[in-house]
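User: I am new to this structure and would like to learn how to read its features one at a time. Could you take me through them?

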Amino acid sequence: MPSKAKTGKKLVIVESPAKSKTIAKYLGEGFIVEASIGHIRDLPQPSELPAELKKTPLGKFAVDIDNDFKPYYVVSSDKKKKVAELKAQLKDADALYLATDGDREGEAIAWHLLEVLKPKVPVYRMTFGEITKEAIHRAMDNLRDVDQDLVDAQETRRVLDRLYGYEISPVLWRKVARGLSAGRVQSVVTRMVVDRERERMAFRAASYWDLTGQFGADSGSFKAKLAAVDGAKVASGRDFNDNGELTSRNAVHLNEELAASLAVGLQDAEFRVRSVDTKPYTRRPAAPFTTSTLQQEAGRKLRFSSKSTMQVAQRLYENGYITYMRTDSSALSNEAITAARRQASELYGPEYVPQSPRVYSGKAANAQEAHEAIRPAGDSFRTPAQVAKQLSGDEFRLYELIWKRTVASQMADAKGSTATIRLGAVTVGNPADRRDAEFSASGTVITFPGFLAAYEEGKDESRADEESEEARRLPNVAKDDALTATDIVAVGHETSPPPRYTEASLTAELEKKGIGRPSTYASTISTIQDRGYVRKQGSALVPSWIAFSVIRLLEQHFHDYVDYEFTADMEADLDKIANGQAAGPAWLKHFYFGEDSEPGLLSIVNNLGEIDAREINSIPITDAITLRVGKFGPYLESSTATVDPETGEVVEAARANVPEDLAPDELTAAKAVELMETAAPEERVLGADPHTGHTIVAKNGRYGAYVTEVIPEMTEEQLANQPVEYYKNGKPKPAKKPVKAKPRTGSLFASMSVDTITLDEALQLMSLPRVLGQDADGNPITVQNGRFGPYLKKGTDSRSIGSEEEIFTITLEAALEIYSQPKQRGARAAVPPLAEFGPDPVSEKNIVVKEGRFGPYITDGITNITVPRSTAVEELTREQAVELLAEKRAKGPVKRTTTARKAPARKTSVKK
């Protein structure tokens, strides 16, 4: 049979559907552009392996650890249809162009497509840094093969992460809590946040004083600060260490008394200028954005999370507004340099452009390959005003930031001068007590703004206590000029602890230490928040107590794997694989099995020894109070046993819950004592039920206060008198363990407390639901309390009632009256939404954020999606809400799993 004639079409595969339409338009007739929608295959869970492979070396990781760590890949179930579509398109194509992203991840996707599709036509690797007509045509002129070194580097990382997570995470499950995870980068990032909180917990503030005054001359007045007393420098915040100790030997530490005395003595003193020092000021523009610096600056200036920044940047790239957003290079192409210089000259004037182009070079040690800096797309840039109507709010703000930074990077230096005035006087009064006081004031005056006309880089919070000197013009004075002094006051200060990391400052520190790849920082920071290791308090990242336990275990038993230098060196080794300087299998073998005197991960896991889970999960707060991380969260426990004052018996140590919103550094010794002293009793005996004799107790539980009965264990005599069952042969069956009776319980009303509830009230609560009677058809009507308040119940028909107290007072007649009315949904006062974002572009329904049973969620009335834990409702934007709803729609309805046994599936996996 003759083969089917080709159509002359060329198949181009990209990653994202958003790119395909634009690229198809630029390529024109003869090209079919399809999207793989990310990876088409990956490592399966070991439980998903075919039965015959589960007992092989593949069984533990879906990686053949005895055969050069070969991965066992399977096509994802949700990508099988897509793969079939791509194969069908390929049958009619004359050539295949793999146009996935140009980084390691994109190279790996291209390789997987090649392996699965098995094309019989010519294959070309096509990469581009921006989606513009010029860039696409340039890419067609620079086709290449798939870079196997980049593929090996990505595959080595994937296998490494599987080995790391699957070996270490189970240790956390056994010793800290189920469901926890360890990761090659995420655990190190978590440690950084925990270490910073430890520094804050160990910090001891130091108090110090200085003076400020307002000083006048004929040419104007200015504010100055005390700099020296009797020739000795006055101590400021940076002269103290984190223990509150003065570290500068030559600095004088002013206390309140001495500062106040100096202020009084200088009120009528004669001040003169002692020196005026003026220096030229030059400031250069910052380099164009890399992935890391874009995340940092968007966090500072736009209040975007790292994740939000990358999501918005992805959309801008895919729609042709900016270049590729995963890069460590700050270099610009010649076309971009020309475009930036031309635009700066047109907008600000030729004097704002230096004679020679600025060239930025240098990459991070863990650089992404073959990309330039993030900049506006095209050989000529569109101004923010030109794209304003085409972009959403967040997209416009990020584009404007990128445009300003890029144009400013090719502009002239800012010029000016910095002046420092030193002035002084001798205190008046008793000659024996006179002190020489010298004040200082500095200011920078910008005479030519240069690049500052377009853009100024933001700054992270620092511990410096000095005021900014910029944009502060000082009067024109000369040495020995007399000055008038007013408002000389003593000012007290306290040193501040190291500031917590924000997403921006954490990203900067990760890049500085060479940990991980900047392209993954956003997802890593999001992951440690989703895992519950870190939460946001404003913009600051605060570790949870469970993060302390996890990091403590890892530091004690897997020290290298959370060591900063070790992790950075590991990243450098992985980069050598990407550059073809090392082989992935050999490196993985050394990592996992070890070599000579260097133990591998397997040896460390197999020789952990005994790990004291209680010790790992305990943090002493005072000599008598210890914080423990328990199954249901952190709590305080007294280190000394409590003695019952009536019986003299030693009872369980006193405990107190730790508020969820209390940051670890806020749990001081005084706060711990306060929590222990004000803690509600965990259990209070109310008396005995007169009908059953069972003891009734009130307790504070995980979900609130409740009452319950204590059902005594059966005595030996009662157990012996249990009826005996016999086999058919007449022999007695072994005695069964008696089924323990379920105690009656009842939640306390909002108006009740464990301290004040009475036995009668407890018995009433445990008697619920209360039967009111029957309706005309004989249907029983009951009243009871539920998760959402008190309600009536008749069969499946439930009706809310007003208050909890009505549960014991409502009559059958009142209940029948309620049921005689039509049922109204949401009869209670409507709760206003937490946020509103207008109509959804797909459903055209209004998007709102509501408080749900499991936390806030986004809905358009048709599709619901929980707000990610890493995103505060206050920080949620319309663009994020629309994107989250779109992602949920794309996934389709949740597939319900059943316990029914499935027939063996046909193998569809593809081995490497």
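Analyst: What follows is a walk from the whole protein down to single helices and residues, and it should be kept in mind throughout that this is a predicted model.

User: Where should I begin, and how many helices and strands are there in the protein?

Analyst: A sensible start is the overall inventory, and here the secondary structure comes to 24 helices and 38 strands. The C-alpha trace spans about 110 × 105 × 75 Å along its principal axes, and buried residues make up 46% of the 912 residues in the protein. One can also ask how far apart in sequence the touching residues are: of the contacts with a separation of 6 or more, 68% are between residues 24 or more positions apart.

User: How do I read a single helix, for instance H6, and what span should its 17 residues have?

Analyst: The idea is to compare an expected length with the one found in the model. At 1.5 Å a residue, the 17 residues of H6 should span 24 Å, and because its end C-alpha atoms are 24 Å apart, the two values agree. The next step is to look at the surroundings of the helix: 13 of the 17 residues of H6 are buried, so H6 is largely enclosed by the rest of the structure.

User: Is arginine 191, then, buried or exposed, and which residues is it in contact with?

Analyst: Arginine 191 lies in helix H6, which runs over residues 186–202, and its relative accessible area of 14% falls under the 20% cut-off, so arginine 191 counts as buried. Once its neighbours within four places in sequence are set aside, arginine 191 is in contact with Ile551, Glu555, Val562, Asp563 and Tyr564.

User: What would a residue in a strand look like when read in this way?

Analyst: Alanine 35 can serve, since it lies in strand E2, residues 31–35, and it is buried, with a relative accessible area of 6%. Not counting residues up to four places away in sequence, alanine 35 touches Val14, Glu15, Ser16, Pro17 and Lys82. The C-alpha atoms of alanine 35 and asparagine 142, which are 107 residues apart along the chain, are separated by 21 Å.

User: And where is valine 264 found, and is it buried or exposed?

Analyst: Valine 264 is found in helix H7, residues 256–265, and it is exposed, with a relative accessible area of 61%. Valine 264 and aspartate 840 are 576 residues apart in sequence, and their C-alpha atoms are 66 Å apart in space.

User: How do I describe two helices that pack together, and at what angle do H2 and H3 pack?

Analyst: One takes the angle and the distance between the axes, and then asks which residues meet. Helix H2 (residues 80–91) and helix H3 (residues 104–117) pack at an angle of about 70°, with their axes 11 Å apart, and this angle makes H2 roughly perpendicular to H3. In this contact Val83, Leu86, Lys87 and Leu90 of H2 meet Leu113, Val116 and Leu117 of H3, a set that divides into six nonpolar residues, no polar residue and one charged residue.

User: How is the packing of H8 with H12 read?

Analyst: H8 and helix H12 (residues 393–408) pack at an angle of about 120°, with axes 11 Å apart, and they are therefore oblique to each other. H8 passes H12 in a right-handed crossing. The contact is made by Thr293, Leu294, Glu297, Ala298 and Lys301 of H8 together with Leu398, Leu401, Ile402 and Arg405 of H12, and these residues divide into five nonpolar, one polar and three charged.

User: Which features of the backbone itself deserve a second look?

Analyst: As a general guide, most residues other than glycine have a negative phi, and most peptide bonds are trans. Aspartate 68 has a positive phi of about 60° although it is not a glycine; it lies in the loop between strand E4 (63–64) and strand E5 (70–75) and is exposed, with a relative accessible area of 51%. Arginine 303 also has a positive phi, near 65°, and its place is in the loop between helix H8 (291–301) and helix H9 (306–318), where at 60% relative accessibility it counts as exposed.

User: Which residues does a cis peptide bond join?

Analyst: A cis peptide bond joins leucine 768 and proline 769, with omega at about 5°, and proline 769 sits in the loop between helix H22 (759–766) and strand E30 (770–774).

Conventions:
Residues numbered from 1 in each chain as written. Predicted model: local features only at pLDDT ≥ 70, side-chain atom pairs only at ≥ 80, totals over all residues. Heavy atoms only, no water. Helix = DSSP H or I, 4+ residues; strand = E, 2+ residues; numbered from the N terminus. Buried < 20%, exposed > 50% of the residue type's maximum accessible area, 1.4 Å probe, protein only. Contact = heavy atoms within 4.5 Å. Axes fitted to C-alpha atoms, helices over the stretch in contact; angles between N-to-C directions. Parallel < 35°, antiparallel > 145°, perpendicular 65-115°, else oblique. Left-handed = near helix turned anticlockwise from the far one by under 90°. Nonpolar A, V, L, I, M, F, W, Y, C, P; charged D, E, K, R; others polar. Expected span 1.5 Å × (residues − 1).
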